[in-house]
Amino acid sequence: DINYQMYDGEYLTPEEVAEREQERINNLSMTPLDFIKVLQSLGLSLEQINAFLDENIEIKTQLLYCNHVYCGVVKQFLPIEIGGIEITAEMIEQIFQEMEG
């Protein structure tokens with residue numbers, strides 16, 4: 001017996017629902033400036049953020065040359081610690097979901 005659930009107009013298995021929901025979360029986005037403001041809200045200074053970005057050119061490139069920062073992309077670099085503050089995938093997912101609505 002499979003308990004199908006309605007998700008976005010379709011009946012899916014719980015596993016399919018979880019997969020689709022994770023895909024939805026990974027595709028949530030915000031502007032790079034909004035993302036930097038999120039990092040500041042976690043207690044980081046602009047100087048700490050800039051120093052981290054200077055040491056991590058791949059992440060810096062994502063912020064400088066993309067119109068949007070995607071949750072799924074950010075999570076690829078996590079967990080990280082910047083200035084004594086640990087940033088986890090769970091924290092980032094929660095923040096992106098809060099910004100969505």
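**Salt bridges, aromatic contacts and overall form of a predicted model**

K60 is partly exposed, with a relative accessible area of 22%. In this predicted model, the side chain of K60 meets that of D54 in a salt bridge, with 2.7 Å between N and O. D54 is partly exposed as well, at a relative accessible area of 46%. Elsewhere, salt bridges with shared partners bring E21, R24 and E100 together in one network. In total, the count of salt bridges comes to five.

The network is a good place to begin a closer look. Side chains of opposite charge can pair when their charged atoms come close. Within the network, E21 and R24 form a salt bridge whose closest N and O atoms are 2.6 Å apart. Both belong to helix α1, which covers residues 14–26, and because E21 and R24 are three residues apart there, about one helical turn separates them. E21 counts as partly exposed at 24% relative accessibility, and R24 is also partly exposed, with a relative accessible area of 29%. R24 has a further partner in E100, the closest N and O atoms of this salt bridge being 2.7 Å apart. This pair links distant parts of the chain, as E100 sits in helix α6 and R24 in helix α1, 76 residues apart. E100 counts as partly exposed, at 45% relative accessibility.

Seen as a whole, the protein contains six helices and six strands. Followed along the sequence, these elements come in the order β-β-α-β-α-α-α-β-α-β-β-α. The C-alpha trace spans about 55 × 25 × 25 Å along its principal axes. The radius of gyration is 16 Å, whereas a compact globule of 101 residues would have a value near 13 Å. Of the 101 residues, 32% count as buried.

Aromatic rings offer another view of how the helices meet. A pair of aromatic rings is described by the distance of the centres and the angle of the planes. The count here comes to one aromatic pair. That pair is made by F35 and F96, and its geometry is tilted, with 6.4 Å from centre to centre and 35 degrees between the planes. F35 lies in helix α2 (residues 32–41) and F96 in helix α6 (residues 89–100), so the pair ties together parts that are 61 residues apart in sequence. Both partners are sheltered: F35 counts as buried at 8% relative accessibility, and F96 is buried with a relative accessible area of 2%. Helix α6 thus appears twice in this account, holding F96 of the aromatic pair and E100 of the salt-bridge network.

Helix α3, residues 46–55, holds L53. L53 is buried, its relative accessible area being 9%. From the C-alpha atom of L53 to that of V73, 20 residues away along the chain, the separation is 15 Å.

The cysteines tell a simple story, with a disulfide count of zero. The sulfur of C66 has its closest cysteine sulfur in C71, and the 15 Å between them is too far for a bond. A disulfide would need the two sulfur atoms within 2.5 Å. C71, likewise, is in no disulfide. The surroundings of the two residues contrast: C66 is partly exposed, with a relative accessible area of 30%, while C71 is buried at 0%.

Some details of the backbone also deserve a look. The peptide bond from L78 to P79 is cis, with omega near 0 degrees. P79 is placed in the loop between α5 (71–75) and β5 (80–82). At the other end of the sequence numbering, D8 has a positive phi of about 50 degrees, although D8 is not a glycine. D8 is found in the loop between β1 and β2, the latter covering residues 10–12. With 70% relative accessibility, D8 counts as exposed.

The surface around this part of the chain completes the picture. I2, Y4, M6 and Y11 make a nonpolar surface patch of about 500 Å². One of these residues, Y4, is placed in the segment before β1 (5–7). Y4 is partly exposed, with a relative accessible area of 48%.

Technical notes
Residues are numbered from 1 along each chain as its sequence is written. This is a predicted model: local features need pLDDT of at least 70, side-chain atom pairs count only at pLDDT 80 or more; totals for chains, interfaces and linings use all residues. Side-chain values use heavy atoms; hydrogens and water are left out. Patches are made of residues with over 30% relative accessible area and no salt bridge: like charges are joined within 9 Å, nonpolar side chains (Val, Leu, Ile, Met, Phe, Trp, Tyr) within 5 Å. Accessible areas come from the Shrake-Rupley method with a 1.4 Å probe; for residues, only the protein chains shown count as cover. A salt bridge is a side-chain nitrogen of Lys or Arg within 4 Å of a carboxyl oxygen of Asp or Glu. Helices (H or I, at least four residues) and strands (E, at least two) are DSSP runs, numbered from the N terminus. Buried means under 20% relative accessible area, exposed over 50%, partly exposed in between (1.4 Å probe, protein chains only). Rings of Phe, Tyr and Trp (its six-membered ring) pair if their centres lie within 6.5 Å; planes under 30 degrees apart count as stacked, over 60 as edge-to-face and the rest as tilted. The radius of gyration is taken over C-alpha atoms; the globule rule is 2.2 Å times the number of residues to the power 0.38.
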